[in-house]
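Colleague: I am new to this structure. Can we go through it by question and answer?

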Amino acid sequence: MQDFDIRPIPEEEIYRAQCYIDQIAKPLGAMGKLETLAARLAALQDTLQPSLSPREHFVFAADHGIETEGVSKSPREVTHQVVYSMLRGGAGICFLCRQHDFALHIVDVGVDHEFPLEGTALIHRKIRRGTRSFLHESAMTEEEVDRAISIGVVSVDEAIDRGCKLLSFGEMGIANTSTSALWMYYLTDLPLEECVGRGSGLDDEGVQHKLAILRQAVDNYRGPVDAEAILRYFGGYEMVVTVGAMLRAAERRVAFLVDGFIMTACLLMARALYPAVTDYAFYGHAGDEAGHARLLRYLGADPILRLGMRLGEGTGAICAFPILDSAARMLREMASFTTSGVTDYVSPAE
């Protein structure tokens, strides 16, 4: 796996931005969470005039071998069906990207389907037609891990070369909540049952079956428990690509939005490899998948929205964008006490 040079954002830079925010014509702290977001954005971009345009969203799609064990209510053909829906502009992520002016890129990194090579906007970077079942063997080879990381890196580099100032990532892959649950289990030491949820809509019996399969996979595993080993053995192509993309975004000091359970699990893995990556992450929402809230608490995250969403695709992240945009606009557009003609407030508002 390639190395990354990710520098933490200095606390003094965040403090310097907050001092400027305190001079904006308002009571101290009156803009609440917008101030915290704005200070981080300013420090990250090294400017008191942060910009979030242009912005791009990537959906990485792949299938999972563990799907054959009945851990998802939806069959694997749903993966490529949803990809076609995205390409037609009819999926949830499509209207949100149109609404908030995100360039949308749909990337096949491992779907068990052969898409037409021409005639659609799909980006073809398939590694293999789905991972292997980690119930019996490693989901990925070391070479496939390297390829997946590289795809994430290249995707981010291409976006930044186009001038991108804000990135967002989403996924499509039936059974990827199973991979997410096992990454969470190994990297947090939370009980497995607290990491496993309903995914695409399992009933109670289905959840128990999913839990039993994942527990058996854990029992069968005889390898090391370091992050790289867990990433490879239990990983999904679209998730490892996302890990690479998050690490590259942080290395190049570009902020990115984090979506729901699966994308948060990717950030957890990225953090296990390079802890400073979280300095560049903005958590879009707290989703409705069982493990997501626990994972956010473990990361010490403060999500922007709480809408009960669990669609995936990056939808929750894009929904949160207007709040982050408001934080940036506060810095760029609000007057200071010295320019507004407003007398300085003496104390915070009630």
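The questions below start at an annotated residue and then turn to a strand.

Colleague: Which residue does the UniProt annotation "active site" cover?

Modeller: Keep in mind that this is a predicted model. The annotation comes from an unreviewed UniProt entry. The residue it covers is Glu313.

Colleague: Is Glu313 buried or exposed?

Modeller: Glu313 lies in the loop between helix 11 (290-299) and helix 12 (315-333). Its relative accessible area is 5%. Buried means under 20%. Therefore Glu313 is buried.

Colleague: Which backbone nitrogen does the side chain of Glu313 reach?

Modeller: Leaving aside neighbours within four places in sequence, Glu313 is in contact with several residues, including His57, Val59, Gly92 and Ile93. The side chain of Glu313 reaches one backbone nitrogen at 3.1 Å. That nitrogen belongs to Ile93.

Colleague: How many of the 8 residues of strand 1 are buried?

Modeller: Strand 1 spans residues 55-62. Arg55, His57, Val59 and Ala61 point one way, and Glu56, Phe58, Phe60 and Ala62 the other way. Both sets are buried. Strand 1 is largely enclosed by the rest of the structure, because the buried count is 8 of the 8.

Colleague: Which residue in strand 4 stands opposite His57?

Modeller: Strand 1 and strand 4 (residues 166-172) run parallel, joined by 7 bridges. His57 is one of the contacts of Glu313. Opposite His57 in strand 4 stands Ser168.

Colleague: And which residue in strand 2 stands opposite Val59?

Modeller: Strand 1 also pairs with strand 2 (residues 103-110), in the parallel sense over 7 bridges. Val59 is in contact with Glu313 too. Its opposite in strand 2 is Ile106.

Terms used
Residues are numbered from 1 along each chain as its sequence is written. This is a predicted model: local features need pLDDT of at least 70, side-chain atom pairs count only at pLDDT 80 or more; totals for chains, interfaces and linings use all residues. Side-chain values use heavy atoms; hydrogens and water are left out. UniProt positions are given in the numbering used here, feature names are shortened, and annotations may be inferred rather than shown by experiment. Helices (H or I, at least four residues) and strands (E, at least two) are DSSP runs, numbered from the N terminus. Buried means under 20% relative accessible area, exposed over 50%, partly exposed in between (1.4 Å probe, protein chains only). Contact means heavy atoms within 4.5 Å. A polar contact is a pair of N or O atoms within 3.5 Å; within protein, one must be able to donate a hydrogen and the other to accept it, and residues adjacent in sequence count only if both atoms are side-chain atoms. Two strands pair if DSSP finds at least two bridges between them.
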